[in-house]
Amino acid sequence: MPNILRSTRATLEMIKWEHSIFALPFALMGAVLAAGGWPPLRVLGWIVVCMVTARSAAMAFNRLVDAKFDAQNPRTAGRAIPAGQLSNKFVGMFTVVACAAFLLSAAMLNPLTTELSPAALSVVLVYSYMKRVTRWSHLGLGLALGISPAAAWIAVRGTIELRVLLLTAIVALWVGGFDVLYACQDIDHDRSAGLFSVPATFGLESAFLIARVMHIGMVVLLFVMLHVFGLGRIALVGVVVVTLLLIYEHAIVSPRDLRRMNAAFFTLNGVISVLLFGFVAADVILRR
């Protein structure tokens, strides 16, 4: 029993299950917009299962293929595989099971989710290799999370519309921007290991500027979203609040002071996703 409990804790830590708060609210937002209110409980439940299983597969796969680099990086050397808490075989099997669970869950929704689920799974898994080939891997992570509202839309309606890709772009810029900031902590390791990132390529000052540009782009698209989806004043308040939080996020970290990076990365971004979903959902539901 103690070994099972230790393995369970290590597995939950490995997949960072609590960070589902970054992507899940955007998926729920896509579902609410698609349904014009709350979607059927059955559909909502399978969307949540799809989100959890896809993200678990992606995180486990990332830890598996990056184990060598994690062991070399002082910031990540304590992760489950390099620390010896979990074996490569266990993590590999966990990834396979999570992938299978995602494909099965997607098949419970509608024919289009069934057909597109392998493509969606490929997107979230391929990200793990992007730092080996491109400095813009941050946008790859953004896309991996950004497909969640589009996927939820498809889950509800069984079709895809061009306008929902606006939500994908919003999430991609948001995630890409904060991932650029987070990668500033690993600039020395990435350079020594031959990995690509915006900070490793352009330096800290330019990385912060690029992150700001991405988040400005996100805010612009949020205001476009209000018009495209016919949202009202409640959603507008949410967009304004998110804008202020992004400004604060950039105010508490700088190229010369990364000490509050975890607060900016984890706490504020979790608040941003939950608040934006809450305001948009309230706007849609109260205006029915």
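**An all-helix chain and its cores**

Buried residues, meaning those under 20% relative accessible area (exposed is over 50%, and partly exposed lies in between, with a 1.4 Å probe and protein chains only), make up 52% of the 288 residues in the protein chain. The structure is a predicted model, in which local features need pLDDT of at least 70 and side-chain atom pairs count only at pLDDT 80 or more, while totals for chains, interfaces and linings use all residues. Residues are numbered from 1 along each chain as its sequence is written, and side-chain values use heavy atoms, with hydrogens and water left out.

The overall fold comes next. The protein chain has 13 helices and zero strands; helices (H or I, at least four residues) and strands (E, at least two) are DSSP runs, numbered from the N terminus. For 288 residues, a compact globule would have a radius of gyration near 19 Å, and the 19 Å of the protein chain agrees with this. That radius is taken over C-alpha atoms, and the globule rule is 2.2 Å times the number of residues to the power 0.38. Along the principal axes, the C-alpha atoms fill a box of roughly 55 × 45 × 35 Å. Contacts (heavy atoms within 4.5 Å) also link distant parts of the sequence: among contacts with a separation of 6 or more, 74% are between residues 24 or more positions apart. The accessible surface, from the Shrake-Rupley method with a 1.4 Å probe and, for residues, only the protein chains shown as cover, comes to about 13,200 Å², and carbon and sulfur atoms hold 69% of this area.

Helix α2 gives a good view of the interior. This helix covers residues 24–35, and its 12 residues reach 17 Å from the first C-alpha to the last, close to the 16 Å expected at 1.5 Å a residue; the expected span is 1.5 Å times one less than the number of residues. Of the 12 residues in α2, 10 are buried, including P25, F26, M29 and L33. After α2 comes G36, with a positive phi near 70 degrees.

Two residues of this helix lead into the nonpolar core, a set of buried Ala, Val, Leu, Ile, Met, Phe, Trp, Tyr and Cys residues joined through side-chain atoms within 4.5 Å. The largest such core has 76 residues, and M29, L33, W174, M225, L231 and V280 have the most contacts inside it. Leaving aside neighbours within four places in sequence, M29 touches L167, M225, L276, F277 and V280. A second, separate core of six residues includes A60, A80, I81 and L86.

Charged side chains add another layer to the picture. Seven salt bridges are found in the whole structure, each a side-chain nitrogen of Lys or Arg within 4 Å of a carboxyl oxygen of Asp or Glu. One of them pairs R132 with D66, with the closest N and O atoms 3.1 Å apart. R132 lies in the loop between α6 (111–126) and α7 (137–157), and D66 in the loop between α3 (41–65) and α4 (67–72), so the pair ties together parts that are 66 residues apart in sequence. R132 is partly exposed at 27% relative accessible area, whereas D66 is buried at 15%.

Elsewhere, E161 forms salt bridges with R157 (2.7 Å, N to O) and with R163 (2.9 Å, N to O). Through these shared partners, R157, E161 and R163 are joined into one network. R157 is partly exposed, with a relative accessible area of 36%, and E161 is partly exposed at 26%. R163 also counts as partly exposed, at 29%.
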